[in-house]
Amino acid sequence: MHYKGLNSKEVAESRAKYGNNTIPDSEPTTFWAEFKETFGDPMIRILLAIAVLMIVMCLFGYADIYEPVGTIVAVLIVAFVSAKTGVASDTKYRELKDSSKKDQCKVYRDDVITVIDVDDVVVGDKILLQSGDKIPADGVLIDGTVKVDNSALNGEAEECQKTAADASFTLKEEITGDTFVDAHSLFRGAVLFDGEGVMDVQKVGLSTMMGKMAEEMQEDEPDSPLKVKLAHLANLISKFGYIGATVIALLYFGYFILAAGGIEAYFASGATEIIKDIVDAVSLAVVIIVCAVPEGLPLMISLVLMQNTSKMLDHNVLVRKAEGIETAGSLNILFSDKTGTITKGRLEVVEFFTADGIAIPLDELSQHGKIKGLVDLAIGKNTQSMFDAEGRIIGGNATDQALMKFMGPEVFHQLETGCKITASQGFNSANKFSQAYLEEYGKTFYKGAPEKLLAASQKYLSMNGDEHTINMDVLNQKIDELANKSMRVLAFGYSNAPMTENEIHADTTIIGLVGIRDDVRPEAREAIAEVQNAGIQVVMITGDRLETAVAIAKDANLLHSNDDVALTSAQLNELTDEEVKEIIPRIRVIARALPTDKSRMVRLCQEMNLVVGMTGDGVNDSPALKRADVGFAMGSGTEAAKEAGKIVILDDNFKSIKDAIWYGRTIYHNILKFCKFQLVINVAAVVVSALAPFFGLHEPLKVTHLLFVNLVMDGLGAIMLGNEPAQERYMTEKPRRRNESIISKSMMVQIVIMGLWLTVLSFVFLKIPFFDQFFHTTEEKYSAYFVLFIWSALFNGFNVRDDGFAIFKGLNENTGFMKVFILIILVQAAIVNSGLIPVEVFTWIGNMFSCVPIPLIAWGVVAILAMSMIPVDMIRKMIGQNRT
């Protein structure tokens, strides 16, 4: 096995013609890029437009500078929090990457073997591959025999044997799932299990399968469902605010004309009076726009997402991109990898049975001493695996390791010291069995394919350890049953004669048989059922063969009826996009899947307006993880997969995915609660500000009052409502459409009714003379109204906690609610009473909020009126329930 390889000139020519073997990294996330991205948010743009308008009015002396400054500071806080959250995780992954040594490979060049960086490989290079090497490019095995692990490419940890191809064989242009497991093709990212060989490099860099995946990862990610919904809400609010402000300003201007006695009389009043009225109308319009726009909403969402990213770590969920956790709650369809996610990710013995077809539970096998002792010898003396000092299984293939785990470390160490092997023969593909002669026992023990051992056997041991004649019909029926469940069956036997090489003695007695497979996680079955009950379609997408995939899908309860569809990559690619869209609601399994299949399915589902989740752990999964609305990367997976995913599942468990979905829905519900909390205030503020001039009231709500509501109160409101506990009923709700409005009909009813009640409460308090007796001046009454408005909003916070009547339930699980409730009351009390402290800064605060101290009895009156928000909403809920 020796090749001259390329010389320096040929390397340069190849690199010029076919390119190099570098696969560019994605651009690192920078604080500035994340910071700027915040300003693309529609709600942020509206806030900035308001700030500019207020600055202009400030320059002309019609507004105070702290009004626009307060808005700009709020925007900068949102941008800072969002950017800091986005950069932190990316930086951690970049540092991990940079600390890793570059991959290298052994290549024939200039008639010698040299070690070079993988990036320097070119088309035409002859690569020397040895056990444990990672394949550096795509090509063909031209010398030797090797076994490779393609799991980084197709997700399946199966030993795939490759043999040398003749000179006419070339790598296929169209790669399918079967190409990975053909006889000669090798792909970048795969790892050699065993053997030695030489590969002819035929594709490098972005032309390799891994390169094509990397290119797909450069595509822009879709907007999250929350971003789409908020953009829609911002559009509605801005239209409502701008149109409403214009109409009210015109009506207000018309009010001046009517009050003056007509158009002629009004214009006769002089330019000074007309300009003053125009400025007053514009000022009112600005107040209405400020009232309409929920300035605190972007800040609230940033804070809630940031809070919950740390909380999810307790559930083995690492949130890399904050919006990913909310998106998880919006899923319509989830494509899940099989190996390691639905299954345990390793082969293991799942069933033991005697040759009469009777299964012995694994935890009861030790009670059958004779059978257990003999099968331990058949395994322990016929294996390439062993336990190290720390109890880990090392050496051997996946089957040997599964049998070693089945036997256990204690038995292994007993056998190591208890008896010696007199003669042995290892497993090979021609014989399909291994054997070991133990002179101490006077027996030869066999392990191998059932058809080999049964061809030479007449007897078997029953559960009691007695010998009986084998009934082949019964045994074959049992073997076929396990084969239909995609289990690999191995048989164990012994002969009382010394070992003969390449031969199984005719007196062999069958000790027992085992069924081996990568079994379904018990907790995954339950989690899949919960996710399906939540209305989310679960599709298993795997590189395994169809028969195995179907068997696992049935065991995991993914396949329920004859209408459910299971198909291969080849069958999928025979269908047009429109044909695939027709069957997507019925698809449950896609086998022999390629990376391109995963990306295609994500794209088609998104075209159908579905919110798509994708799980994965290999490089093969990375493009689809990035393209999906939320990618769940496995904690044990490749760095490429983790970088592409928005969420990392640290324990690789489907149950943790279910928890992410559950908490995602909880976060969305908490955002809805906050929207109701804030929009009730906004509706009331708009109506009160619009109608107040017509009732002879001059600015009962100042712009500074509204900024206090939207920024201070809502920033704390993020803590108050953002930590509401998860409720099991969230996992029984149907998924939401991507373009579904964030404000539902029932939400709108609650917002409008409670907003109107707060409006009625406002005018009753401000206009009915009864309340004048509690105040000495108009300034005191207006200050008390500021308190009434804020406290009414706070009591409405209880109403939004539950759609029913359990508005006080769970407060012990969300201790922040009452803490914030009390804190806001104390902060406002400090603002109102700041004038009592003879220090300039407190006087300035009082003037900024146009507040003066109010009598003690007035605090009690305001509290009683504010608490009316709770019974009024209870009545609304009762009427709503009776109607339904």
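In this predicted model, ring pairs join Phe765, Phe770, Phe771, Phe774 and Phe775 into a cluster. The structure as a whole holds 20 aromatic pairs. One member of the cluster, Phe765, also carries a charge over its ring: the charged end of Lys781 sits there, 5.8 Å from the ring centre. A similar arrangement can be described for Phe353, whose ring has the charged end of Lys478 over it, 5.5 Å from its centre.

The Phe cluster also leads to a helix further along the chain. Ala858 lies in helix α31, which spans residues 856-867. With residues up to four places away in sequence left aside, Ala858 touches Phe774 and Phe775. Although Ala858 and Phe775 are 83 residues apart along the chain, their C-alpha atoms are separated by 7.4 Å. Ala858 has 0% relative accessibility and therefore counts as buried.

Phe765 appears again in the largest nonpolar core, a set of 122 residues. Along with Ile342, Phe632, Phe654, Ile742, Phe789 and Trp791, Phe765 is one of the residues that touch the most other members. Helix α25 (residues 654-691) gives the most to this core, contributing 19 residues. Apart from this core lies another, of 29 residues, including Phe352, Val375, Leu403 and Leu461. Returning to Trp791, its contacts beyond four places in sequence are with Ile825, Gln828, Trp859, Val862, Ala863 and Ala866. Of these, Trp859, Val862, Ala863 and Ala866 fall within the range of α31, residues 856-867. An α-helix has 3.6 residues a turn, so residues three or four places apart point the same way.

Helix α19 offers another view of the interior. Within its range of residues 546-555, the buried residues are Thr548, Ala549, Val550, Ala551, Ile552 and Ala553. Their cover comes from both helices and strands, and it includes α12 (338-342), α17 (472-484), β20 (508-517), β21 (537-541), β22 (565-568) and β23 (587-591). After α19 comes Asn557, with a positive phi near 65 degrees.

Turning to the strands, β3 (residues 126-130) has four of its five residues buried, so this strand is largely enclosed by the rest of the structure. Strand β1 (residues 104-109) runs antiparallel to β3 and is joined to it by three bridges. Between these two strands, Lys106 stands opposite Leu128. Strand β7 (residues 191-203) also pairs with β3 in the antiparallel sense, here over five bridges. In that pairing, Leu129 of β3 stands opposite Gly197 of β7.

These local features belong to a protein of 32 helices and 26 strands. Buried residues account for 55% of its 884 residues. Among contacts with a separation of 6 or more, 72% are between residues 24 or more positions apart. The protein exposes about 37700 Å², and carbon and sulfur atoms supply 57% of that area.

Key. Residues are numbered from 1 along each chain as its sequence is written. This is a predicted model: local features need pLDDT of at least 70, side-chain atom pairs count only at pLDDT 80 or more; totals for chains, interfaces and linings use all residues. Side-chain values use heavy atoms; hydrogens and water are left out. Rings of Phe, Tyr and Trp (its six-membered ring) pair if their centres lie within 6.5 Å; planes under 30 degrees apart count as stacked, over 60 as edge-to-face and the rest as tilted. A charge sits over a ring if NZ of Lys or CZ of Arg is within 6 Å of the ring centre and within 35 degrees of the ring normal. Buried means under 20% relative accessible area, exposed over 50%, partly exposed in between (1.4 Å probe, protein chains only). Two strands pair if DSSP finds at least two bridges between them. Contact means heavy atoms within 4.5 Å. Accessible areas come from the Shrake-Rupley method with a 1.4 Å probe; for residues, only the protein chains shown count as cover. A nonpolar core is a set of buried Ala, Val, Leu, Ile, Met, Phe, Trp, Tyr and Cys residues joined through side-chain atoms within 4.5 Å.
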